[in-house]
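Below is a briefing on the cavities, a pocket and a ligand site. Have the sequence and the model open as you read.

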Amino acid sequence: MKTLLIGEYREGKLLDSTYELLGFAGQLGAETAMLLVGSETQLPSYGGTLYLADAASCGEYNPDLHKKLILDAVQKENPDYIVFLHSSYGWDLAPRVAAALRVAQLSEVIALADGGFEVGCCNAKMRRTVKPAAGRAVVTIQAGAFPALQPGGIPLLQKLSAAGTAALEFIGYEAAEKKDVDLGKAEIIVSAGRGIGKKDNVSMIQALAKALGGELGASRPVVDAGWVEHSHQVGTTGQTVSPKLYVACGISGAIQHLAGMKKADFIIAINKDKDAPIGEIADVLVVADLMQFVPALTAKLAKQ
Amino acid sequence: MKLLVCIKQVPDLESRFKADAAGVWYNETDLAFRMNEYDEYAVEQAVQLREKLGEGSELTVLSIGPDRVVEAIKKSLAMGCDNAAHIQDAAAFAKDPWQIASIIATYAQDKNFDIIFTGMQSQDRGSAQVGVTVAELLGFACTTTIVGFDYDNGIITAKRELEGGIKGIVKLKTPALVTCQLGLNIPRYPTLPNIMKAKKKEIAAIPVADLLAEEPLATTTSFHPPAKKGGGIVLEGDVGDLVEKVMAILKDKTAVLR
Ligand SMILES: Cc1cc2nc3c(=O)[nH]c(=O)nc-3n(C[C@H](O)[C@H](O)[C@H](O)COP(=O)(O)OP(=O)(O)OC[C@H]3O[C@@H](n4cnc5c(N)ncnc54)[C@H](O)[C@@H]3O)c2cc1C
Ligand SMILES: Nc1ncnc2c1ncn2[C@@H]1O[C@H](COP(=O)(O)O)[C@@H](O)[C@H]1O
């Protein structure tokens with residue numbers, strides 16, 4: 001079995017997540033080749049075949065050209081699986097490659113499952129086992145689901161190039177907003193999720209954060225709705241935190257939120273839904289209406 | 001200009017899910033359905049563009065699914081879509097993203113849409129494939145996960161969301177398809193007068209068999225809950241008791257109350 005692994009490169013740097021692709025191939029027990037649109041000055045620590053195209057001429061985000069490059073490498077390698085990370089690069093490009101090859105795409109794979117792949121569904125509450133109909137398939141793997149493997153070695157370079165006009169023009173990057181709070185250093189974080197119901201209830205979560213001597217965090221919907229500043233958002237598109245204590249109030253536990261806080265030493269989740277996926281990583285899941293529980297806990301802490 | 005927005009109806013994600021008889025998807029009994037969250041942003045963006053373009057432009061909303069999806073279609077019409085296509089398919093849940101995309105592409109093929117809006121992913125299936133695949137099948141320019149959108153004179157300027165809060169700015173020539181991310185805008189609530197007006201708007205019902213020509217490329221063999229990791233404690237009961245228990249845990253297991 002053979003895999004073609006599509007690595008990632010951004011703003012001139014090879015992304016470490018690229019090594020997770022090797023972790024996936026390792027679990028499959030498959031041979032590997034890699035493709036990267038990057039630069040010869042930043043090669044992965046990997047001794048296999050590396051199809052390399054130059055990001056200076058092919059762009060870091062140019063789906064039309066990158067698709068052509070991948071199809072070219074697919075012809076040369078004849079892989080069973082073409083593997084991407086389920087990332088802003090991967091979920092944008094993978095369906096294009098799958099459509100061009102007319103093969104199945106399996107999205108956001110979290111594990112191998114007898115003859116198929118395990119994927120999440122229903123906001124991570126449930127799982128499906130999926131199998132491609134034909135032998136070949138395009139796969140995107142969930143960030144963090146497979147261990148990063150750095151085999152070492154110097155890649156056998158095979159240079160690729162592509163040209164052509166594209167209907168899409170990449171103008172440039174916009175840096176992340178400046179943070180007025182650095183949650184990365186906080187020892188205690190109490191986060192508000194959509195379960196708080198309305199903006200007025202942010203103060204209730206803030207009061208608990210204060211009683212515990214911690215900072216306020218938030219899930220994305222709370223930020224998108226304008227209840228809390230973006231600088232407090234925890235998750236893949238917010239901050240990554242590793243406090244001693246993380247209290248999640250009314251947060252379901254979507255993978256993009258978990259990615260930002262699962263390294264916390266101790267996690268307490270307050271949720272009225274006993275099946276909420278946050279329960280899978282929480283040390284303590286308090287099944288309760290936060291509207292009653294949070295003020296009661298805050299009051300008790302105040303008496304200490 | 002002609003605009004299309006694709007919406008899916010999904011169950012309330014706070015529900016309990018049980019497998020259906022075949023064990024490959026959820027049982028719909030007792031589930032309440034609503035519009036996929038990502039698609040609300042897609043509808044709002046399409047409606048905003050439709051309003052900006054004014055007379056002579058047209059916005060169609062499309063949904064594939066059983067009769068219940070008409071509820072979500074009606075909401076889109078009340079938000080400002082002009083007309084609708086309901087692709088009737090009681091077994092839409094069993095179709096893979098490739099088939100769903102093919103159905104949409106076949107519908108759109110001869111209609112000269114300039115811009116198609118979709119959500120970046122559906123909350124129940126979550127494949128993040130249908131939009132991009134439709135664009136590939138139609139030969140449209142496409143970008144994904146947008147949190148900013150502007151249109152002027154045949155050119156879309158979109159802001160893509162990348163990891164860690166970084167954004168990428170792209171320009172696309174129409175015809176184009178964009179997939180919409182959470183936070184792109186603030187989806188409006190339909191007002192009562194607009195709900196009334198929407199009742200007069202046309203919903204074309206099209207049997208899926210008229211548009212489907214593709215076999216699935218992937219099959220689901222099982223639908224099940226995640227394996228319980230264990231380890232964690234689950235506390236239930238009276239709020240007063242819960243507070244006592246959590247206080248004890250904070251004292252024992254964390255340095256917070258020392
Ligand atoms: C590319 C991408 C990037 C993303 N980046 C991020 C990110 O950085 N950070 C992030 O957080 N999300 C991110 N998301 C969104 C993520 O997928 C989820 O949609 C989001 O995390 C859900 O937030 P939530 O848990 O607050 O809301 P929901 O999922 O709506 O959960 C609300 C929870 O509150 C509970 N609840 C409701 N009422 C009560 C009550 N009275 N008492 C107790 N519990 C109650 C419910 O049972 C439910 O579990 C991203 C998504 C994508 C696609
Ligand atoms: N049954 C459907 N009917 C109409 N549009 C759909 C349907 N399924 C998916 N879509 C669209 O495709 C997007 C991505 O869905 P998915 O690939 O399932 O994650 C959704 O946000 C919708 O805009």
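The second largest cavity is lined by 17 residues, and A:Y9, A:R10, A:E60, A:Y89 and A:Y173 lie nearest its centre. On a 1 Å grid over the protein atoms alone, a cavity is a set of points where a 1.4 Å probe fits but cannot get out, and lining residues have an atom within 4 Å of a point. This is a predicted model, where local features need pLDDT of at least 70, side-chain atom pairs count only at pLDDT 80 or more, and totals for chains, interfaces and linings use all residues; side-chain values use heavy atoms, without hydrogens and water. Residues are numbered from 1 along each chain as its sequence is written, while chains are lettered from A and ligands numbered from 1 in the order in which they are written.

**Second largest cavity**
- Strand 2 (9-10), strand 4 (31-38) and strand 12 (168-174) of chain A each give two or more residues to its lining (strands are DSSP E runs of at least two residues, numbered from the N terminus).
- Its volume is about 160 Å³ (the space filled by probe spheres set on grid points joined across faces, edges and corners).
- The lining divides into nine nonpolar, four polar and four charged residues. Ala, Val, Leu, Ile, Met, Phe, Trp, Tyr, Cys and Pro count as nonpolar, Asp, Glu, Lys and Arg as charged, and the others, Gly among them, as polar.

**Largest cavity**
- A search of the whole structure finds three cavities of 30 Å³ or more.
- The largest cavity has a volume of about 540 Å³.
- It has 37 lining residues, with B:I7, B:K8, B:I100, B:S122 and B:V130 closest to its centre.
- Strand 4 of chain B gives the most to this lining, with four residues.
- The lining has 18 nonpolar, eleven polar and eight charged residues.

**Ligand 2**
- Ligand 2 sits in the largest cavity (more than half of its atoms lie within 2 Å of the cavity's grid points).
- Around ligand 2 are 19 residues (each with a heavy atom within 4 Å), and the closest are B:C6, B:D39, B:S122, B:S127 and B:A128.
- A polar side-chain atom of B:D39 lies 2.5 Å from an oxygen atom of ligand 2.
- A backbone N or O atom of B:V130 lies 2.9 Å from a ligand 2 oxygen atom.
- Strand 4 of chain B gives the most to the shell around ligand 2, with three residues.

Notes. Polar contact = N/O pair within 3.5 Å; in protein donor to acceptor, adjacent residues only side chain to side chain. 1 Å grid on protein atoms, 1.4 Å probe; cavity = no way out; pocket = protein on both sides within 12 Å on 5 of 7 lines; lining within 4 Å.
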